[in-house]
Amino acid sequence: MLRDLRDAMEKEELQLFYQPQLDLQTGKIIGAEALLRWWKKDASKEGGAFISPGEFIPIAEQSGLIVPIGEWVMRKACTTAKKWHDLYGMDIRIAINVSAHQFSQSDICSFTQKTIGEIGINPHKVELEVTESVFMDDIQHTIESLQNLHAIGVELAIDDFGTGYSSLSYLRQFPIDRLKIDQSFIRNALNDPDDASIARTIIALGRALNLFVIAEGVETKEHERFLVAEGCDEVQGFRYCRPIPADDFMEFVTNYDGDIKSFDKQD
Ligand code: C2E
Ligand code: MG
Ligand code: MG
């Protein structure tokens, strides 16, 4: 798999899909998360199949390949967002997943600064999503990297929040802008009171610390209703749109009438 993944990079078999993020109050599309896809060619009649990042990211991390892959992702995602901005006047934030290994194995800050400068994208429109695992490595190095990234203007989100080692003290120490409630809590919020309480608590924590809170894995009207009632800021999930290629994303944005209620019709 590692050999195939190396080949895939060279043969440009990696792609980015984009999934919209919406503001729950205004209904506006305010962001897009870039999600890696690997179209692995094979002998089937389709000519290949998509391999999920859940399968190949761990291998990329173990082998160090995550560094060149992560750099490719950042360059590609920023280039696409800049094109959307310049050609279509679309002013949305691009969210990029960054693995903890990219902090320990490369100078993520210099690379980000250089890339943003070369592409000419507004750094405030770039958000890096890190998981709580980033706080378990060299903590001093992580603090410096996050502070440097923030100083450039890049926004920072904690992905899958609530599933890792949550030391609440780092929320004050680190320049975080946004908490991303893990999708498992949203999925079970309606039938498991404990998960509902966790989701509610994360939203309250975000409000108390002046952070934005986004929920991922929002699949149904009921999920949305729960999040509206709890005062969550932003949403992302299959209810609105699955991750799709860049051109389809543009089409989605163009066709969207700006009213979040329009998704009710699909229920
Ligand atoms: P993540 O960053 O937490 O991304 C959210 C995942 O949830 C995505 O899976 C997305 O397709 C899926 N999702 C979105 N809405 C819904 C929903 O309503 N219901 C359900 N059931 N799922 C939903 P995906 O694309 O398979 O990515 C899995 C993980 O792989 C990501 O989790 C992220 O940790 C990692 N990943 C993806 N792209 C990259 C990348 O470029 N770099 C790094 N380091 N990791 C990446
Ligand atoms: Mg993410
Ligand atoms: Mg997540």
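Here's a short Q&A on the ligand site and the cavity in this predicted model.

User: Which side chain puts a polar atom 2.7 Å from an oxygen atom of ligand 1?

Analyst: Two side chains come up for the ligand's oxygen atoms. Glu33 has a side-chain N or O atom 3.0 Å from an oxygen of ligand 1, so that pair is within the 3.5 Å limit for a polar contact but isn't the one you're after. The 2.7 Å pair belongs to Gln183.

User: How much of ligand 1's accessible area does the protein cover?

Analyst: Ligand 1 sits in the largest pocket, and 22 residues surround it. On its own, the ligand has 800 Å² of accessible area, and the share covered by protein is 83%.

User: Which element gives the largest share of the shell around ligand 1?

Analyst: Four elements give two or more residues each: strand S2 (29-41), helix H2 (53-63), helix H3 (66-88) and strand S6 (155-161). By class, the shell has 9 nonpolar, 6 polar and 7 charged residues. The largest share, 4 residues, comes from S2.

User: And the largest cavity, which element gives the most to its lining?

Analyst: The cavity count is 1 at 30 Å³ or more, and the largest holds about 40 Å³ of space. Its lining includes Val67, Gly70, Glu71 and Phe111. H3 and helix H5 (108-119) are the elements that give two or more residues to that lining. With 3 residues, the top contributor is H3.

Conventions:
Residues numbered from 1 in each chain as written. Chains lettered and ligands numbered in written order. Predicted model: local features only at pLDDT ≥ 70, side-chain atom pairs only at ≥ 80, totals over all residues. Heavy atoms only, no water. Near = heavy atom within 4 Å. Polar contact = N/O pair within 3.5 Å; in protein donor to acceptor, adjacent residues only side chain to side chain. Areas by Shrake-Rupley, 256 points an atom, 1.4 Å probe, with all protein chains shown as cover. 1 Å grid on protein atoms, 1.4 Å probe; cavity = no way out; pocket = protein on both sides within 12 Å on 5 of 7 lines; lining within 4 Å. Sits in = over half its atoms within 2 Å of the grid points. Nonpolar A, V, L, I, M, F, W, Y, C, P; charged D, E, K, R; others polar. Points joined across faces, edges and corners; volume = space filled by probe spheres on them.
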